[in-house]
Each structure stands twice: as C-alpha cells, then as structure tokens.
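The following paragraphs lead through selected local features of one protein structure. The sequence and coordinates may be consulted alongside the text.

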Amino acid sequence: MKCIKCDKKAIISYPVRFCKEHFIEYYLNKLKETIEKWEMFNKDDKILVAVSGGKDSSSLAYALHLLGYEFEGLYINLEIPNYSNFCEEKVKELFKLINKKLNIIRVSDYGVKVERVRNRPRCSVCGTIKRYLMNRFAYENGFTVLATAHTMPDEVSFFFMNLRSGNLNAIVKQKPVLEGKGKFVKKVKPLIYFTEKENLTFSLINNLPVCRLECPYAEGNTQNVIKNKIYEIDKDFRGLFNQTIHFLEKINIEVKDEEVYECIKCGYPTSSKDIVCSFCKIKEYFSKNPS
Ligand code: Q46
Ligand code: ZN
Ligand code: ZN
C-alpha cells in the first residue's frame, strides 16, 4: 500500500494513505489551518496548553512546537494511584524535549480529591476539578488562551451525552472556540478535526514520551462507553464523527444565557443558584469527610 503523494510505503490508511513524511506534513497543515480558520490564537497570545501525558495532548504540544508557537504547559496531577505520577514523568520528558516551561499543580494543594462525592461518580468529580483548575490557573497567571486536546471523538461523544440529558445550552456551546468573559479564559480545541488514531500515529512516528497507562478509574466512564458505541456505528457508517462535528458547527440557535454569579467562596463564575460553584462544593465535602 503506497502513499498517495509518493512511492513510499503508507503508514496510515484512514482517513488518507500517507507515508511518514507526508503524514507529518498533513497533520501539521491541518492543525495550522484549524487554528487560523477559527482564529484560535496568534503569536501575541499567551498560550497555556493543558497536557495529561496521553497521546492526544502530547501530540498537540509537540505539533504546536514544530509550528513555532510559544506556549507553556499545565499538568494537573490528579493524584490517582499508579497513574498520575507516571504520567507526570512523561510530560516532564516531553517538555524537556521541546524546551518549554511546564507548570505542575496537584489536586491536594487545592483541597480536593478525585473520589466519589455523594452520588457523583469519580469521573464527573474529576471533570469538574480539571475544568475549574485549568481555567483558574490560566486566569491567575495571565494566559489569554487555554488550549485543550479534545479530539473529534471526544466532542462527538459529549454531543451524545448532552443530547441524552437534553442540555441544549451545552450543545450550542460545543464550538472549537469559546470566547473568554470575565474570569473565564478563552478556550480553544485545536484537535477538533483529529481522530485518536491520527494522534496515536503522530506520537509514535515522532517517538514522543507518552503515558500508555489507562486511568484505573476509567472503567464504566460514561463518555468512554458512548464513544465506543459510536466507534462501532462509525465502522458501518463511515463519516458519523465528521458529519456530527460539522453539524455542531452549523448550530446557531439563540439560547438564553444562564445567569452567572460570582462564587461566594472562591470568586470564580458559577451558574449555581446557591452561588457556590461545583468545585467549592467538592472541596467542602472533602473538608467535612477527610480520610
Ligand atoms: S482521568 Fe479522571 Fe479520566 Fe480517570 S478519573 Fe475518569 S475523568 S478516567 S479522562
Ligand atoms: Zn509520501
Ligand atoms: Zn467556588
């Protein structure tokens, strides 16, 4: 099987057959075009890239480095046993390789843990903690843009989760760019048109240090369950991921913005009627239930 651009052997066949060199060229071009098309950031922005040690965020950081962007990394150590410290080492290796500043924070420094809170599953608690800390760190340190490594399958599975819960507001906000407002820093998703396979291939051919462990809490994660089902459907009906992403882009419905308050505990935005944000509720729970 040959590359569509030269006579060399193809290393990837889907979405297109490319050899190693042409795949890297394709990957970088697609990333650059996505950033420019959506005006995600320019070289004057102070960019923070959230990294987990996995193939997606490691590929994003490395590709941005190859494209000549200046940025810093943020690794949130979730303190998950047999997992987080190992991922931290991989992220450190990567940032040493690209010679960029890496910021590391630990959840215990903020008084929280990735554990069940009443009836909230661990992954839901984890999601709230990550979203809150990424934004807070970016805001407190003067970053103008926060880039995350959400991929096409991530976004499509979020869409189905939002559809299932009837959360139209969340669906409307599922865009590659979410503009900043007040203490919300602008958020961008440069990998929105990338599949996990493309990121895996990019990380492998560039020999990137990547944490290949799966989070020990991942089993039963609703998003993963939905994602795997969509992969199954996509096998028979190719294009489901792509079409859903483009469909989301076209949604342009006026929805009433939720009322946003300033959390009385931390001062960050919340739409919670009792004016205490979800993060502070998690923190309060662990201060009353230490163990
Ligand atoms: S890290 Fe956190 Fe994931 Fe682990 S606890 Fe669940 S959400 S599975 S991306
Ligand atoms: Zn080629
Ligand atoms: Zn708060």
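Beyond residues up to four places away in sequence, C266 touches Y132, C277 and C280. This description rests on a predicted model. C266 is situated in the loop between β7 and β8. Its relative accessible area is 22%, so C266 is classed as partly exposed, given that the buried class ends under 20%.

One of the contacts of C266, namely C277, occupies the loop between β8 and α10. When neighbours within four places in sequence are set aside, C277 is in contact with Y132, C263, C266, P269 and T270. Y132 thus appears in the contact list of C266 and also in that of C277. With a relative accessibility of 5%, C277 counts as buried.

These cysteines belong to a metal site. The zinc ion (ligand 3) has as its protein donors the SG atoms of C263, C266, C277 and C280, lying 2.3 Å from the ion. What geometry do the four donor atoms adopt around the zinc ion? The angles that they subtend run from 105 to 114°, and the arrangement is therefore tetrahedral, since that class requires all angles of four donors to lie between 85 and 135 degrees.

Along the chain, the donor residues of this zinc ion follow the spacing C-x2-C-x10-C-x2-C. Because C266 lies in the loop between β7 (261-262) and β8 (269-270), while C277 lies in the loop between β8 and α10 (278-288), the pair ties together parts that are 11 residues apart in sequence.

The database record can be set beside this geometry. An unreviewed UniProt entry assigns the feature "binding site" to C263, C266, C277 and C280. These positions are spread over 18 residues of sequence, yet they cluster in space, with a largest C-alpha distance of 8.3 Å.

A further residue to consider is E196, which is found in helix α7 (residues 196-205). Is E196 buried or exposed? Its relative accessible area is 16%, and E196 is therefore buried. The side chain of E196 is joined to that of Y231 by a polar contact of 2.4 Å. Apart from neighbours within four places in sequence, the residues in contact with E196 are K55, D56, T151, P153, K227 and Y231. Y231 accordingly figures both in the polar contact and in the contact list of E196.

Definitions and conventions:
Residues numbered from 1 in each chain as written. Chains lettered and ligands numbered in written order. Predicted model: local features only at pLDDT ≥ 70, side-chain atom pairs only at ≥ 80, totals over all residues. Heavy atoms only, no water. Donors = N, O, S within 2.8 Å, 3.2 Å for Na, K, Ca; no water. Tetrahedral: all angles 85-135°; square planar, octahedral: opposite > 155°, others 65-115°. Helix = DSSP H or I, 4+ residues; strand = E, 2+ residues; numbered from the N terminus. Buried < 20%, exposed > 50% of the residue type's maximum accessible area, 1.4 Å probe, protein only. UniProt positions renumbered as here; feature names shortened; annotations may be inferred. Contact = heavy atoms within 4.5 Å. Polar contact = N/O pair within 3.5 Å; in protein donor to acceptor, adjacent residues only side chain to side chain.
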